[in-house]
Amino acid sequence: MELLPEEIERAQLLEQLADLLRAEGGHTFLTGPLIEPNEKWFPDRWTPDAAGVERLIRRLLGHADLGALTLTLEIDRFSDAHGEVLSDGRAGGHSGTAAWFAGIRDGVCSFGVDINQLRDPEGLVGTLAHEVAHAYRTMYEHRVPDHALEERLTDLTTVFLGFGVLTVNASQRFRSGSSGAGASWYSRAEGGYLSMQSMSYLLAAQVVARGEPAGDVGRLLTPNQRACFKAAYKELGARDALLGRLGLPPAASVPASSDKKGRGWFRRWFTS
């Protein structure tokens, strides 16, 4: 298994990340919380129904600083042969849809989830982190017309928002079990638009830029992702060199995460 994305992909990922940082500033990326898949960040009891999904989306919206939005949610069957969803959330367009973001209108943020996803909350949280990143990009007018590019940039935005652990783990998942009658089963699923290697590289770039040890985040990743993350962390090298590539100030100038004036400081730094 290749642990790193191709060199040209690595350069493109850092360029696209630098573009987002130039638009949004570095405060969230450098000092915001990294959301972990545990009760600290998701204290609500999971239930496989609309109420459980709504609680999960509200948590993600809150972590993305979009908690003031009103939420509407539709649960239905969309991944079968006839279930399709249009970009505005109506039936009719994208087959195989696991979940979708249907826009923000008058402060109302609309989402939908295929009912089959309720059986897999671990996969669903990564999928919904991606959809909430769509909402963030819509709210702050970062969307681009090219659909394929927008999806890649949305995956990248999940890392910027602190959802990287969730979406890196969701980028490739292996599951196994037994039927109870002596037979066993094994499955592999991939989620998102960027590869596992690319997502791990972006998360490693964030951790290096923050000056944090690899182990603190690496322990939260599944084995393949952890291997990719560690390889990327090593390849990215010195912190200040990476900060320079991302257009961020040197490490000695970065406010601590406890500095509530940090966001304004980053805005001033980027516009000075």
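User: How much accessible surface does the protein chain have, and what share of it belongs to carbon and sulfur atoms?

Analyst: The total is about 13500 Å², and 50% of that belongs to carbon and sulfur atoms. Those areas come from the Shrake-Rupley method with a 1.4 Å probe, and for residues only the protein chains shown count as cover. Bear in mind that this is a predicted model: local features need pLDDT of at least 70, side-chain atom pairs count only at pLDDT 80 or more, and totals for chains, interfaces and linings use all residues. Residues are numbered from 1 along each chain as its sequence is written, and side-chain values use heavy atoms, with hydrogens and water left out.

User: Why is Phe229 called buried?

Analyst: Buried means under 20% relative accessible area, exposed over 50%, and partly exposed in between (1.4 Å probe, protein chains only). Phe229 has 0%, so the buried label fits.

User: And why does Tyr233 count as partly exposed?

Analyst: Its relative accessibility is 25%, so Tyr233 lands in the middle class.

User: What makes residues 223–236 a helix, and how far does H9 reach?

Analyst: Helices (H or I, at least four residues) and strands (E, at least two) are DSSP runs, numbered from the N terminus. H9 has 14 residues, so the minimum is met. From first C-alpha to last, H9 reaches 20 Å, close to the 20 Å expected. That expected span is 1.5 Å times one less than the number of residues.

User: Which residues of H9 are buried, and how do you know that they line one face?

Analyst: They're Gln225, Cys228, Phe229, Ala232 and Leu236. Look down the axis of H9 and these fall within an arc of 100°, so they line one face. The arc is taken from the directions from the helix axis to the C-beta atoms. On the other side, Pro223 and Lys234 are exposed.

User: How many aromatic pairs are there, and why is Phe101 with Phe111 called tilted?

Analyst: There are 4. Rings of Phe, Tyr and Trp (its six-membered ring) pair if their centres lie within 6.5 Å; planes under 30 degrees apart are stacked, over 60 edge-to-face, and the rest tilted. Here the centres are 5.5 Å apart and the planes sit at 50°, so this pair is tilted. Phe101 belongs to strand E4 and Phe111 to strand E5.

User: What about Phe229 and Tyr233, stacked or tilted?

Analyst: With centres 6.2 Å apart and planes at 45°, that pair is tilted too. Both residues lie in H9, 4 residues apart, about one turn of the helix.
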